[in-house]
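Here is a short report on a ligand shell and a helix pair. Please view the model first.

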Amino acid sequence: MKNISIKKVAIVLGIMLILIQLYHPTPNDGNALGGNDITNTLPISDDVMMILKTSCFDCHSNHTDYPWYSKIQPIGIWLANHIDEGKRELNFSEFNSYKNKRKKHKFEEIAKEIKEHEMPLNSYTFIHKNALLSNEQTLLLMSWADNAFLSIHLDSITHH
Ligand code: HEC
């Protein structure tokens, strides 16, 4: 009896796994650098841009370079959730549409997350080794974020 029920459970799980393959989350395949992207807020050096593209854009822009296994469910669904959540918190492709207060807050958060090694997510760098930030890249990105914060801050003071 016991064996039969385990078999049944396995069959049901198997069928579910097959059926779930029919579901495809909407791909994040827009334009990363459109009219509202962060380069419209302030100029960005090639070095910083390279880091953002390699380590952040897959979850924080309107364009993700998907790995092949994103076609397999539920992995694809799991990735889509990260991307949705990441974009909701911080979207470099929409950055310039944020109010100054939000821009400043995001630059503070960027410096903080990077300093604490919270970003990029571990589950991402586990596979995307090239997205791991070196100490040099961490320093560069942190000072960029600090400067960007200050430049928006000063701008909003002098223009009022
Ligand atoms: C694999 C996807 C992924 C990558 C890559 C990634 N992030 Fe995130 N990021 C997220 C998710 C999901 C959240 C929201 C949940 C959380 O805070 O853990 C988030 C949150 C954040 C926040 C918090 C925003 C706020 O206001 O609280 C910041 C800042 C951030 N990420 C910056 C970065 C930077 C900078 C990089 C690149 C160095 C990066 N992230 C790379 C997925 C990612």
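Which helix supplies the largest share of the shell around the ligand? It is α5, with 5 residues. This is a predicted model: local features need pLDDT of at least 70, side-chain atom pairs count only at pLDDT 80 or more, and totals for chains, interfaces and linings use all residues. Residues are numbered from 1 along each chain as its sequence is written.

**Ligand shell.** The ligand has 19 residues around it (C-beta atom, placed from the backbone, within 6 Å). C56, C59, G86, M119 and Y124 come nearest. The helices below each supply at least two shell residues. Helices are DSSP runs of H or I, at least four residues, numbered from the N terminus.

| Helix | Residues |
|---|---|
| α3 | 57-60 |
| α4 | 75-89 |
| α5 | 100-115 |

By class, the shell has 9 nonpolar, 4 polar and 6 charged residues. Ala, Val, Leu, Ile, Met, Phe, Trp, Tyr, Cys and Pro count as nonpolar, Asp, Glu, Lys and Arg as charged, and the others, Gly among them, as polar.

**Helix pair.** The axes of α5 and α7 (residues 135-158) come within 9 Å and cross at roughly 160°. Axes are lines fitted to C-alpha atoms over the stretch in contact, with angles from 0 to 180 degrees between N-to-C directions. The two helices are therefore roughly antiparallel (over 145 degrees).

**N100.** This residue is found in α5. N100 touches I152 and S156 (C-beta atoms, placed from the backbone, within 7 Å), not counting residues up to four places away in sequence. N100 and H153 are 53 residues apart in sequence and 8.0 Å apart in space, C-alpha to C-alpha.

Conventions
Contact = placed C-beta atoms within 7 Å. Parallel < 35°, antiparallel > 145°, perpendicular 65-115°, else oblique.
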